[in-house]
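Q: I am new to this structure and would like a close look at a single part of it. Please take one helix and the strands beside it, then work outward from there.
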Amino acid sequence: MTQQWGEQPGPPVREISRRGFLRRAVGVGVGLLTLQFVGGTVLFLWPNLSGGLGDPNLVIGSAADITSQQPEWVRGLPFIFNKARLFIVNVPAAKARVDGTGEEFDDPGEDILALYRKCPHLGCNVPQLCDRSNWFECLCHGSKYTVLGEKRDGPAPRGMDRFAHRVEDGVYIIDTSVKISGPPIGTDTFDSRTPEAIPHCAA
């Protein structure tokens, strides 16, 4: 088509200019990023009430189930239940481990502890029991706890937090909906060793 005198050149009808295309592309990109951010935030903040932390009826299994996954549980090595960041402690076996008697306990009945693996100092994940000290030793800031979660050293304000439990037909069920604060500093039920008296895990 011939351009008439005084007409301004522009894009043909139904075609988009380069500037318009860039505006739309940026708008779509910002919209997608916003949608991803909002969706991710909602999923992150949504409470996990099925099978993990926050579940009032979290089924762990029987003593035999735990032992099949971790044979050393009968000799006092805590069982890590990652879904809810828990240590399941076989209390009589754990005490025998610290005392060095080597006694095994296949089924402690009600005598277990469900310890929260989150350090009460600043929330670091507490690693498995140190095989040299038989204490839990937080690698972030050096807090140390007995196998029963009692504080022995470091900046933590108390012992390891825990959750209530019950046994139904031989199956351990943990109520992770209510956290129980760890024992106060100075609690001493069986392991009175001082930090200076035991070898520590390498940091």
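Which strands does H3 lie across, and at about what angle does H3 run to E3?

A: H3 lies across E3 and E4. Its direction is at about 75° to that of E3. Keep in mind that this is a predicted model.

Start with the positions. Strand E3 covers residues 86-90, helix H3 covers 91-99, and strand E4 covers 112-116. These three elements each give two or more residues to the largest nonpolar core. H3 supplies the largest share, with three residues.

That core has 19 residues in total. Some of them touch the most other members: Phe87, Val89, Leu115, Phe136, Val147 and Met160. Phe87 and Val89 fall within the span of E3, residues 86-90. Leu115 falls within the span of E4, residues 112-116. In soluble globular proteins, nonpolar side chains tend to be buried together.

A further core lies apart from this one. It has 16 residues, including Ile60, Trp73, Phe79 and Ala84.

Now follow the strands outward. E3 and E4 belong to an open sheet of six strands. Its order is E1-E9-E8-E4-E3-E2, and the pairing is antiparallel. E1 and E2 are the edge strands, each pairing on one side only. E2 spans residues 79-81. From one strand to the next, the twist averages 30°.

Look at the E1 end of that order. E1 takes in residues 58-62, and four of its five residues are buried. The strand is therefore largely enclosed by the rest of the structure. So E1 is an edge strand in its pairing, yet largely enclosed.

The partner of E1 is E9, residues 171-180. The two strands pair in the antiparallel sense, over four bridges. Two of the facing pairs can be named. Valine 59 stands opposite isoleucine 173. Serine 62 has valine 171 as its bridge partner.

Tyrosine 172 also lies in E9. Is it buried or exposed? Its relative accessibility is 1%, so tyrosine 172 counts as buried. The cut-off for buried is under 20%. Tyrosine 172 and valine 59 are 113 residues apart in sequence, but their C-alpha atoms are 6.2 Å apart in space.

On to E8, residues 162-168. E8 and E9 run antiparallel and are joined by six bridges. Arginine 162 stands opposite isoleucine 180 in E9. The two strands form a hairpin with two residues between them. One residue to check there is aspartate 169, which takes a positive phi near 55°.

After E4, the chain leads to the cysteines. Cysteine 124 sits in the loop between E4 and strand E5, residues 136-137. Cysteine 140 sits in the loop between E5 and strand E6, residues 144-145. A disulfide joins cysteine 124 to cysteine 140, with 2.2 Å from S to S. The pair is 16 residues apart and links distant parts of the chain. The angle about the S-S bond is -105°, and the link is left-handed. A disulfide is a covalent bond between the sulfur atoms of two cysteines.

The two ends of this link differ in cover. Cysteine 124 is buried, at a relative accessible area of 17%. Cysteine 140 counts as partly exposed, at 43% relative accessibility.

Why is there no bond between cysteine 119 and cysteine 138? The sulfur of cysteine 119 is 3.9 Å from the one in cysteine 138, its closest cysteine sulfur, and that is too far for a bond. A disulfide needs sulfur atoms within 2.5 Å. Cysteine 119 is buried, with a relative accessible area of 3%. Cysteine 138 also counts as buried, at 5%. By this rule, the count comes to one disulfide.

Finally, step back to the whole protein. Its secondary structure comes to three helices and nine strands. From the N terminus, the elements run α-β-α-β-β-α-β-β-β-β-β-β. The protein has 203 residues, and buried residues make up 36% of them. Among contacts with a separation of 6 or more, 56% join residues 24 or more positions apart. The accessible surface comes to about 12200 Å², and carbon and sulfur atoms account for 57% of that.

Return to the helix once more. H3 lies across E3 and E4, and it gives three residues to the largest nonpolar core.

Conventions:
Residues are numbered from 1 along each chain as its sequence is written. This is a predicted model: local features need pLDDT of at least 70, side-chain atom pairs count only at pLDDT 80 or more; totals for chains, interfaces and linings use all residues. Side-chain values use heavy atoms; hydrogens and water are left out. Buried means under 20% relative accessible area, exposed over 50%, partly exposed in between (1.4 Å probe, protein chains only). Two strands pair if DSSP finds at least two bridges between them. A nonpolar core is a set of buried Ala, Val, Leu, Ile, Met, Phe, Trp, Tyr and Cys residues joined through side-chain atoms within 4.5 Å. Axes are lines fitted to C-alpha atoms, for helices over the stretch in contact, and angles run from 0 to 180 degrees between N-to-C directions. Contact means heavy atoms within 4.5 Å. Accessible areas come from the Shrake-Rupley method with a 1.4 Å probe; for residues, only the protein chains shown count as cover.
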